[in-house]
Amino acid sequence: NPRNRVVNPSMAISQENGFGTQVVPTTGNFYLTDQINTSIASSSNGALQSSYQALEGERAIRITATTATTDLSANIIAGKLQLNLEKSNMHQLDGGNVVIAFKCRTNWAGKLSLSLQRGGGGRTYVTDVDVVAGINQVFKVIPFESDTVGSQAAENGRGLEVFIGYNNEGAQQQSAANNDAWQTGFFGCSDASTQWTKTINNYVEITNVDLYAGNVPREFQPNSYAYDRAECQSYFYRQYGNTLGVGTVFTTNVGFFVITLPVTMRVAPATSISSLGAITVFQNGSAIGGLSSFTQGSNSPSSVGIQISATLTAAQPFLARLGLVTDYIDHNARL
């Protein structure tokens with residue numbers, strides 16, 4: 001199957017962050033775009049900044065070392081871009097060759113680390129790709145083991161983690177002599193990898209990430225915006241200001257309504273709201289204040305049931321409307 005197994009390969013969709021903003025990665029994973037994340041394990045050793053950039057007409061993620069990392073020996077992770085891929089999209093690739101390709105721009109020359117970890121850990125494949133200052137097209141064939149991803153039984157689980165530009169000089173680094181083979185344990189890079197965050201203002205830009213079965217180079221074909229958005233929304237959906245739903249009060253002061261999701265999600269999602277004040281309830285032509293609770297009820301991958309408490313009249317319909325930017329529906333096990 002020649003399809004791209006990566007969600008949001010052109011870095012095009014972000015439901016959480018404004019495009020063009022400068023973002024400081026946190027100690028946890030920060031999703032600059034949906035499904036593509038970066039992080040830094042120790043903010044006391046160097047500093048990173050993420051941003052969107054234009055790269056030959058495409059949107060790219062740039063990670064910049066705004067302060068040089070002085071020590072990478074204590075398993076400090078700096079600079080890596082991470083993609084977590086769902087098992088159901090990957091298990092068919094076990095036992096065959098898989099191509100990983102992406103467009104990359106750097107302002108330094110050396111060896112860019114590329115590593116893959118079996119979902120849940122235990123086995124890692126590490127390699128290095130030579131890059132020059134400027135634009136690079138990376139193409140690498142990776143042989144998958146017979147159980148790299150595993151069976152389809154846990155199809156919603158994490159099947160593979162891909163790390164690009166990993167920086168480490170401690171236990172998560174291995175000898176380059178072990179490159180290009182699956183190893184027991186986790187290793188983010190080799191001792192030949194350029195630790196590029198140790199030089200201030202070094203950066204890496206990544207876009208057009210392609211992962212597919214086989215060993216033949218191909219031209220990257222970006223998905224439509226609508227296709228990528230639907231894929232992203234199957235994992236995560238942020239609701240902006242609009243009517244949430246219409247319901248009927250079944251008990252005095254307690255009402256229930258259903259939000260129909262724009263796409264069918266992987267599994268039934270969890271629901272969260274930033275502020276009760278973001279929702280206005282209307283009944284009998286008047287706005288009802290004093291919303292006192294917002295609780296997820298029964299839900300499914302295609303809809304979410306919401307129960308609210310407010311000063312409501314029983315057996316009368318009501319309308320719930322969201323403020324400008326507040327509510328979001330977040331996947332329970334977002335990868």
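Here are two short exercises on the strands of this structure, each with a worked solution.

The model is predicted: local features need pLDDT of at least 70, side-chain atom pairs count only at pLDDT 80 or more, and totals for chains, interfaces and linings use all residues. Residues are numbered from 1 along each chain as its sequence is written, and side-chain values use heavy atoms, with hydrogens and water left out.

**Exercise 1. Strand β6**

Find how many residues of β6 are buried, then name the bridge partners of C104 in β9 and V99 in β14, after checking the cover of β6.

*Solution.*
- Step 1: Locate β6 at residues 97–106; strands are DSSP runs of E, at least two residues, numbered from the N terminus.
- Step 2: Count the cover: 9 of the 10 residues in β6 are buried (under 20% relative accessible area, 1.4 Å probe, protein chains only).
- Step 3: Turn to β9 (residues 134–143), which runs antiparallel to β6 and is joined to β6 by 10 bridges; pairing requires at least two DSSP bridges between the strands. Here C104 stands opposite N136.
- Step 4: Move on to β14 (residues 203–213), also antiparallel to β6, with 8 bridges. Its residue Y212 is the partner of V99.

**Exercise 2. The open sheet**

Work out which strands form the edges of the 7-stranded open sheet.

*Solution.*
- Step 1: Write down the order, β20-β19-β23-β16-β17-β22-β21, with antiparallel pairing.
- Step 2: Pick out the edges, β20 (286–288) and β21 (293–300), each of which pairs on one side only.
- Step 3: Check β21 against β22 (residues 303–309): the two are antiparallel over 6 bridges, and N299 has V304 in β22 as its bridge partner.

Note on methods
Helices (H or I, at least four residues) and strands (E, at least two) are DSSP runs, numbered from the N terminus.
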